[in-house]
Amino acid sequence: MTASPHDRTDTPPRLVLSGVSKSFPGVKANDDISFSVKPGEIHALLGENGAGKSTLVKVIYGVQQADSGSISWDGQPVSIPSPKAARRLGIGMVFQHFSLFDAMTVIENIALGLDEAVDREELKTRVAKVLQSYSLPLDPEREVHTLSVGERQRIEIVRCLLQKPRLLIMDEPTSVLTPQEVERLFETLRQIASEGCSILYISHKLHEIKALCDTATILRAGRVVATCDPQQETTRRMAELMIGAELRQIENTHSGRIGKRRLIVSGLTLPGEPPFGTSLRDISFEARAGEILGIAGVAGNGQAELLGALSGERLSAVPNAIMLDGKPVGSEGAGARRSAGLACVPEERNGHAAVPDFSLAENAILTARYRLPLAPRGFIRLAAVRRFAQAVIGRFDVRTTGPGSPARALSGGNLQKFIMGREIGQEPGVLVVSQPTWGVDAGAAAAIRQALVDLAAKGSAVVVISQDLDELLELADRLSVINEGRLSPPRPVAELAIDEIGLMMGGVHGAAQAEGAPLHA
Amino acid sequence: MNSVILVSIIMTLVAASTPILLAALGELVVEKSGVLNLGVEGMMLTGAVAGFAVAFSTGSVALGLVASVIAGIATAMIFAVLTLSLTANQVATGLALTIFGVGASSLIGAGFVGRTIDRLGPLFPEVLASHPWLRALFGHDIIVYLSLALVLGVSVFLRRTRAGLILRAVGENDASAHAIGYPVIGIRYAAIAFGGALAGLGGAYFSLALTPMWADRLTAGRGWIALALVVFSAWKPGRLLLGAYLFGAVMTFELQAKAAGITWLAPEVLAMAPYLATILVLTMMSLGRKTGRLDAPACLGKPFSVS
C-alpha cells in the first residue's frame, strides 16, 4: 500500500526480513514475509489470531528457525539459532504470556533473564537505576505472585532494558492491562524508542497502534497484505485489511423491549478466599429480560468472585440473595442454577470454561446436559451430543476440524466462540459472561458481541463483566462498576460520560450522583 | 552413667538418620528441578549392593562408597532417559525403578548374603573418637559429616547461587525457563544424577556402616521415608535435616523402649511412632502459613518436551 512517511533512508534499517517462511505440519504459519524496521522506529505487526505474528517473532527471537528466507541486522546477514544469540545481537522480547517464576522474587526473576552472572548487589543497583530512569514503580524484593499483571510486565521490560537492547519485541503487551497501565506502558515505550531502540509491537488492537506506532505491517493468513502508516489510515480500513473482509457492524436490535426482572441480586456478601481473593460486599443489581447489563472495573476488584457467586461455584448463605425468575437460588449449586436457566461463562477459557484435553463434544456435555437431553438417566447420547456440538460450530463459525477436536487445539477466539455458542444454544434465561472477547481477534469479537445482542433480543437477560470499556459502551444498556468488591448502582449508558466511568473504576464513587441514579431506567 | 546412655543414644540417632537424610537431600534437589523420582528406594538398594560387593571384593570401604555413588547415578540415569528423553510418566517410571532396584539388588547380592566386611570407621583419631563423651561429636564416620556439609551446601546452592536459581526456575516454570534459553532437560539430567548419587550413598551407608553385612532389602523402606520427608519439609534443606533427625530420634527411642522392656505400649505402636511423630511435627510446622501450596515446585512431575 502506501510507503512509510518516515523516509529516513540515510540510516540503514536495523532489522530486515526477506522472504521468511515457516511451516508447521498442515499450516503455513509464515509465507514469504519481508519487512524492515528502522532505528528508533515503533513498528507494528498487526494481524488476527493465527495470522502468524507469534511465529514470526519467535523466528526473530531465535525460539524457532525459519524454513527459508534471510534476516539481516544493521545491514549484515545473520542467523539467530537461539534466544541467547538474539540477545547477544541486542534483541529483547517481552512475551505475551510472561516467562516469569511466580514463587520467586522480582530480582531473582530479573537475574534469571540475564545471560551473564551478575553480583546480587550490583544487579540491585542496576535495576534501581533502570526503574528510576524510566519511572517504573516496582519493588525488587516482592514475590511475583503478589504482583499485578502490569507490575509483572514491568519485570520483563526491566529484564530487557538491562541488556541495553536495540530492538525490543512486545508480544500483545496490553491484552491484560488496565487503561491506566496501558498509558503508562506507552510512555515507557516512547521513551525507549526516543533513545534509539527500535520496537516491534505485536497487536490486534487498532487504536493502540494508531496511538503508538510509526509504521504498521499487516499480516493475514501468514502473508504480508499491507504496510502502512497507522497515523494516516483509518482504523476501519486497517481492520478490514487485517480480517480481509468488510467489518460487520453490530446491529443493536434489542433496545427498547425491556421485560420482566429475571435476575435479582440483593445484598450479596461473600468473604474473599485466601490468600488473594477479594471480598464481595453488599452487591445488589437486577438484570431484566431483553437487556444487557455491563459491569466494568479494573482487574482483581472482585470480578472473578462475582462470577463464581453467580454461577454457583461459591454458595451464599442467604438463598434470597440471588433470585432467578422469582426463585431463590443463592444456596443452590452450579448444576441446579444451570437447570433453572442461569448460564455462566468464566474468563478463563481453558481449564475453567472448558477442559483442554476433552473434545468439543465432551465439553458441550459438561454444561449443556442440564438443559438439553444429552445425557438422560446418566447415559450419554453420543449422536445428540455430536449434533449439538456440530450445530454450535456451524452457527458460530468455529474454525476447527470438528466436534472431536480437543478444546486445547483451538485458538483462543475460536474456543471462546464455541463456549459462547454452547451456552447460548441452551437458550438460558440469564447469561453471565466475563471478558467475552478477551484475546479474541476483531472478527470473532464482533461475532460474539452480535450473539450476545441477539440473545438479549430474544428475551434473555445478559450480564457482561468486562475490562474493555469500549465493548461495554457498545453493548450495554446499563452499566455499573465494580471496585474493591463493591458494585455501583447500574446507570443507563446513555447518561454516562467516559471520564465519569474512569473515576468510578478508580474507586471515586461520587456518592451523591450514585444515590440519585435511577435504578429502573 | 546417664551421660553414657545419652552419648549412645546420640550415636544411634545420628547413624539411623544419616542414610535418610542423604537420600532425601538428593530427592529434594531432583524435585526442585521439577522431577518426581519415586525410585529412591530402588536407587538406595543398587547403591547398597554395589557398595557392599566392591568393598567385599577389594577390601576397601572407600572404593565401596565410590561404587555406590556410581551405581546410584547409573540407576537414576535409567529413570532420566525414560522420563526426560522419552517423556515417560514419572510416577510409573519411578515406581518401576524401585521394583527394579529391589530385584537387581537381590540378584547381585545373592552370593553375598550373610557375608560381612569391616565397617566404615570413625573419621577422627582414636583419642577423640573413643572418648566417653566427646565421641558424641567426633565419633562418627566421614559420611555423617559429609551429609551435614551437604545440607549446608545444598541450602546455599539453592538460595545463594546462580546455578541454584536456574535449577529452581526450571522446576517452577519449565516453559519460561526454556523460553529464556536455559537447557531444561540438561539441568534435570544433572539434578537426577545428583539425586541418584546421594541415594546410592545413602543405601551404601546401610551396607558399609550400619550393618556391615549383606541382607536382602537392606534399606527396609527408608527410601519412602526420604520421599515423604521432602514433602513434609516443604522442600527446605534445613527442615529436612530436622525431619530426618527427628525420625532417627524417635526410632532410637523405640529401640531403647524395646530394650528397656516396656510392655504397657504395644510394640506395633512403638514401631509406628517414628512415622507418626515425623508427620505430626512437620505438619504442625507447615500450619498457619497461608502460602503453603506455593512451596511445591510448580512443575513437579510434569513432563516437558520442546515443541
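Colleague: How much area do chain B and chain A bury between them, and what share of it is on carbon and sulfur atoms?

Modeller: People often give the size of an interface as the accessible area lost when the parts come together. Keep in mind that this is a predicted model. Here chain B and chain A bury about 1700 Å² between them, with 64% of it on carbon and sulfur atoms.

Colleague: And how many residues of each chain are in contact?

Modeller: On the chain B side there are 16, and they are in contact with 22 residues of chain A.

Colleague: How many salt bridges does the rule find across the interface?

Modeller: The rule finds 1 salt bridge between chain B and chain A. Its partners are the side chains of Arg168(B) and Glu108(A), at 2.9 Å from N to O. For polar contacts, the rule gives 6 residue pairs across the interface, both residues being at pLDDT 80 or more.

Colleague: Which helices of chain B each supply at least two residues of the side that touches chain A?

Modeller: Look at helix H8 (162-172) and helix H9 (174-180) of chain B. H8(B) gives the largest share of that side, 6 residues. Sorted by class, the side of chain B that touches chain A has 8 nonpolar, 3 polar and 5 charged residues.

Colleague: Okay, on to the cavities. How many of 30 Å³ or more does a search of the whole structure find?

Modeller: The general idea is that rolling a probe the size of a water molecule over the atoms shows where empty space is left. In this structure the search turns up 2 cavities of 30 Å³ or more. The largest holds about 140 Å³ of space.

Colleague: Which residues lining the largest cavity are the closest to its centre?

Modeller: Of its 15 lining residues, those are Tyr61(A), Arg87(A), Met93(A), Cys160(A) and Gln163(A). Strand S6 (91-94) and helix H5 (149-161) of chain A are the elements giving two or more residues to this lining. By class, the lining of the largest cavity has 7 nonpolar, 5 polar and 3 charged residues.

Colleague: What volume does the second largest cavity have, and which residues line that cavity?

Modeller: Its volume is about 80 Å³. Among the residues lining the second largest cavity are Leu136(A), Gln153(A), Arg154(A), Ile157(A), Glu181(A) and Arg184(A). H5 of chain A turns up again, and H5 and helix H6 (179-194) of chain A each supply at least two residues of this lining. The class count for the second largest cavity is 4 nonpolar, 3 polar and 3 charged residues.

Methods. Residues numbered from 1 in each chain as written. Chains lettered and ligands numbered in written order. Predicted model: local features only at pLDDT ≥ 70, side-chain atom pairs only at ≥ 80, totals over all residues. Heavy atoms only, no water. Contact = heavy atoms within 4.5 Å. Buried area = accessible area lost by both parts, 1.4 Å probe. Salt bridge = Lys/Arg side-chain N within 4 Å of Asp/Glu carboxyl O. Polar contact = N/O pair within 3.5 Å; in protein donor to acceptor, adjacent residues only side chain to side chain. Helix = DSSP H or I, 4+ residues; strand = E, 2+ residues; numbered from the N terminus. Nonpolar A, V, L, I, M, F, W, Y, C, P; charged D, E, K, R; others polar. 1 Å grid on protein atoms, 1.4 Å probe; cavity = no way out; pocket = protein on both sides within 12 Å on 5 of 7 lines; lining within 4 Å. Points joined across faces, edges and corners; volume = space filled by probe spheres on them.
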